[in-house]
Amino acid sequence: MGGRRATPPEDCGGLRDEEGLKTLREDPTFFDVVALDLELWSGTTMLTVPEDDVVPALLVEPLTLIGRARAGQDLMDRALLLGAPLAPLPDSAVESALRALTWFLERADAEGGIPLTGAGYLRPADVEAASAVLPQMADWIGMNNREVHAVPLQMFRTSLQRAGILRKHKGALLLTRRARAYYRAGNVRELFLDSLVPSRYETEELAQVVLLTYVATTKPGLPLPMVEIARVLTAIIGPSESGPVTTGAILDLPAWHLLANTGTVTSRLSERGFCFSPEATSLAREALTR
């Protein structure tokens, strides 16, 4: 009871989010008048969003919503970086980078789709087969024959459903009508890009656009500045009843798992952290600027 920060705060999301909270609040009891004055002063000037297509259209809404918040300057700086021309990945590289997605598309398009167990999980044989092509499962612990234990696989599969690529029907996973049209036309790349960007601007969709911006403008192999992303999202969306946006909420976004399983794993699980592959970085940029 008398220990100093001996355990993570209640409902903070776990040890990973606790690290973010430490960065945000080195000393929760410290009150810095100078910092408060600076924050109030910086809020007197609205961000000016360029009108000459320098900023991708998808970012105009988030930049407008962020208003006077100082966190908006970092998002604006990154949005301007996206204006520089960059050659897209060749189709051969995209095909290799999206092999985890293609695995699900091929099987879900087959007659009967991908059968699920009575409890709604992938069958053991499919868990093993999918784990072999999913980057985040490359060095996951355990036998990887039960989806409930293969956390990265389960998160990827549910993200495909949340992104409108897969749907459950009569105990099986099938392609949605949109995904089937793309897949049968041979446009897996377009399906992936279309699934990353929002068709409407609600809380999750806004968060995904911000996440894409940071993935697209962070050098591959370097960790994303999760605390800064959480600060930007809190400024745009506003804090919830439980407080500011946390890194845990960012990690729950479908786009996170789609991009995290794009490309080839080149580092150990314990070292990957918040890093993304060059292919994921390139496709995030393409999704924002096409």
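**Entry 1: the hairpin.** I began with strand 2 and strand 3 (residues 172–175), and I found that they pair in the antiparallel sense over four bridges. I note at once that this is a predicted model, and I read every entry below with that in mind. Looking for individual partners, I saw that R167 has L174 as its bridge partner in strand 3, while K168 has L173. Between strand 2 and strand 3 lie two residues, so that the two strands form a hairpin, and in its turn I noted K170, whose phi is positive at about 50 degrees.

**Entry 2: the whole sheet.** I then asked in what order the three strands lie in the open sheet. The order is 1-3-2, and the pairing is antiparallel. As general background, the strands of a sheet pair through backbone hydrogen bonds, either parallel or antiparallel. Strand 1 pairs with strand 3 in the antiparallel sense over two bridges, and there I found P115 opposite A172 of strand 3. Because strand 1 (114–115) and strand 2 (166–169) stand at the edges with a single partner strand each, one side of each is left without a neighbour in the sheet.

**Entry 3: the side chains of strand 3.** I looked up which way the residues of strand 3 point, and I saw that A172 and L174 go one way whereas L173 and L175 go the other way. All four of these residues are buried.

**Entry 4: the helices on the sheet.** I next followed helix 6, which lies across strand 1, strand 2 and strand 3 and runs at about 100 degrees to strand 3. Helix 8, for its part, lies across strand 2 and strand 3, and I noted an angle of about 90 degrees to strand 2.

**Entry 5: helix 6 with helix 8.** I went on to the pair itself, helix 6 (residues 99–109) and helix 8 (residues 151–162), whose axes come within 12 Å and cross at roughly 65 degrees. The crossing is right-handed. Which residues meet here, between helix 6 and helix 8? From helix 6 I listed A100, L101 and F104, and from helix 8 I listed L153, F156, R157 and L160. Sorted by class, the residues of this contact are six nonpolar, no polar and one charged.

**Entry 6: helix 4 with helix 11.** I turned to another pair, helix 4 (residues 72–81) and helix 11 (residues 203–217), where the axes come within 10 Å and cross at roughly 60 degrees. The two helices are therefore oblique to each other, and helix 4 passes helix 11 in a left-handed crossing. On the helix 4 side I found D74, L75, R78, A79 and L81, which meet V210, T213, Y214 and T217 of helix 11. In this contact I noted five nonpolar, two polar and two charged residues.

**Entry 7: helix 10.** Lastly I asked how many of the nine residues of helix 10 (residues 188–196) are buried. Seven are, and the helix is thus mostly covered; I wrote them down as V188, R189, L191, F192, L193, S195 and L196. When I checked what these buried residues pack against, I found helix 5 (91–97), helix 6, helix 9 (177–184), helix 11, helix 14 (254–260) and helix 16 (278–289).

Note on methods: Residues are numbered from 1 along each chain as its sequence is written. This is a predicted model: local features need pLDDT of at least 70, side-chain atom pairs count only at pLDDT 80 or more; totals for chains, interfaces and linings use all residues. Side-chain values use heavy atoms; hydrogens and water are left out. Axes are lines fitted to C-alpha atoms, for helices over the stretch in contact, and angles run from 0 to 180 degrees between N-to-C directions. A crossing is left-handed if the near helix is turned anticlockwise from the far one by less than a right angle, and right-handed if clockwise. Contact means heavy atoms within 4.5 Å. Ala, Val, Leu, Ile, Met, Phe, Trp, Tyr, Cys and Pro count as nonpolar, Asp, Glu, Lys and Arg as charged, and the others, Gly among them, as polar. Two strands pair if DSSP finds at least two bridges between them. Buried means under 20% relative accessible area, exposed over 50%, partly exposed in between (1.4 Å probe, protein chains only). Angles under 35 degrees count as roughly parallel, over 145 as roughly antiparallel, 65 to 115 as roughly perpendicular and the rest as oblique.
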